[in-house]
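Subject: Structure for your attention

Dear colleague,

Please find the sequence and the structure below. I would be grateful if you would keep them open while reading the notes that come after.

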Amino acid sequence: MRAISATSLHLRANHFYVPPEGIREDSYTYVIPKNILKKFICIADLRTQIFGYIYGVSPAGNPMVKEIRCIVLVPQWGSYHFVKVPNSLPEHEYLSNLEPLGWIHTQHTELPHLSPMDVVLQSQFLHDHPTWDGDRTAIITCSFTPGSCSLSAYRVTPAGFEWGKTNKDKGIDQIDEGYTPSLFSEKMPLILSNRFMGFFMVPDQDSWNYNFMGVKHSPTMSYGVNLGIPKEFYHESHRVTHFVTFSELESKLTDGVDEVEAAEKEDVYS
C-alpha cells in the first residue's frame, strides 16, 4: 500500500510552498534548482524520511548567496522521526570545487519549527566535521502537505549546537525535554530557481536505501559515490529479498498447478 501511495509523489512535485523569509544582508540565502528538488521528492516515501547532503557555490560577487548544485544520497535508513547515515562524508572529485552547505530531508508532515532530532543530528555533523561552518550549513526540510510540498531552511544557533551535543543519546520520547525551538534554530531565506540545473551523486554500490536491508547498514561503513540518477524508494534494487520471495511463491504456485494436472491425468488414464 505504501509503495502504491508513493506513485503519486510526482503530482506533489508540481506544487511547492516556501514560507516567505525576507532576505537579510547578515544571513545566507539558499537557492535550490527545481530539477533536483522534484527528483528528490519523486524518489521518496510518504512515511519514511530520506536524506541527502547538499553542496554548492556562491555566485561571483555575492558570497551571501549559496546556490545548491548537488544532492548526494548516501547509504541510509530512516523512520517516521529520523534518518541514519554513515559517519563519514562523501568524497569525489566533483565535490572538491563545491562547499558543503548542509543537508536536506523529507518529513511526513509540516512542523512550525525545526525538530529536536534535526538539531541533534546537525550538532553531531558540526562536531565531527571541522570543514562544516555552522553559519553557512543549513537544514532544508521538505514536508508533505495535502497535494503539495512545503519547504523551509534552518540554521542551528550556538545554543542549539550545545543543546544537541548534550542530548544526542536521548530517546525519541525524551528528546523534547528542555527543547526551545525559537532559541535553538532560526529560519533562513530559501529560493527555488529554474535558472540553473543541479545533479545527483549516488552510492557506487547502486543502492542508497537500506530500509529493507537494515542489518547491512552501519555508522562506520565505507562507501563511494558516483554521478548518477537515484532510483525510487521502492525500486527492486533496494529490496532484492522481496523479489526473491516473489519468485519463490510463483515457483511454488507453478509446482502446485503441475502436481494437480498430473493427478488429473492419472485419474483420466487409470
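The notes below concern one helix and the internal cavities. Please bear in mind that this is a predicted model.

The helix is helix 5, which runs over residues 158-166. Within helix 5, Gly-160, Phe-161, Trp-163 and Gly-164 are buried. They lie on the same side of helix 5, because they cover an arc of only 165 degrees around the axis. As a general point, an α-helix has 3.6 residues a turn, so residues three or four places apart point the same way. Pro-158 and Thr-166, on the other side of helix 5, are exposed. The buried residues are covered by elements that include helix 4 (116-128), strand 9 (148-156) and helix 6 (181-184).

Turning to the cavities, the structure holds 2 of 30 Å³ or more. The largest cavity contains about 40 Å³ of space. Its lining consists of Val-18, Pro-19, Glu-21, Leu-151, Ser-152, Ala-153, Lys-187, Met-188 and Leu-190. Strand 9 gives the most to this lining, with 3 residues, and strand 10 (185-188) also supplies at least two. By class, the lining of the largest cavity has 6 nonpolar, 1 polar and 2 charged residues.

The second largest cavity has a volume of about 30 Å³. Around the second largest cavity are Gln-107, Leu-111, His-113, Leu-114, Ser-115, Asp-118, Thr-141 and Tyr-154. This lining divides into 3 nonpolar, 4 polar and 1 charged residues.

Yours sincerely

Terms used. Residues numbered from 1 in each chain as written. Predicted model: local features only at pLDDT ≥ 70, side-chain atom pairs only at ≥ 80, totals over all residues. Heavy atoms only, no water. Buried < 20%, exposed > 50% of the residue type's maximum accessible area, 1.4 Å probe, protein only. Helix = DSSP H or I, 4+ residues; strand = E, 2+ residues; numbered from the N terminus. Arc of directions from axis to C-beta. Contact = heavy atoms within 4.5 Å. 1 Å grid on protein atoms, 1.4 Å probe; cavity = no way out; pocket = protein on both sides within 12 Å on 5 of 7 lines; lining within 4 Å. Points joined across faces, edges and corners; volume = space filled by probe spheres on them. Nonpolar A, V, L, I, M, F, W, Y, C, P; charged D, E, K, R; others polar.
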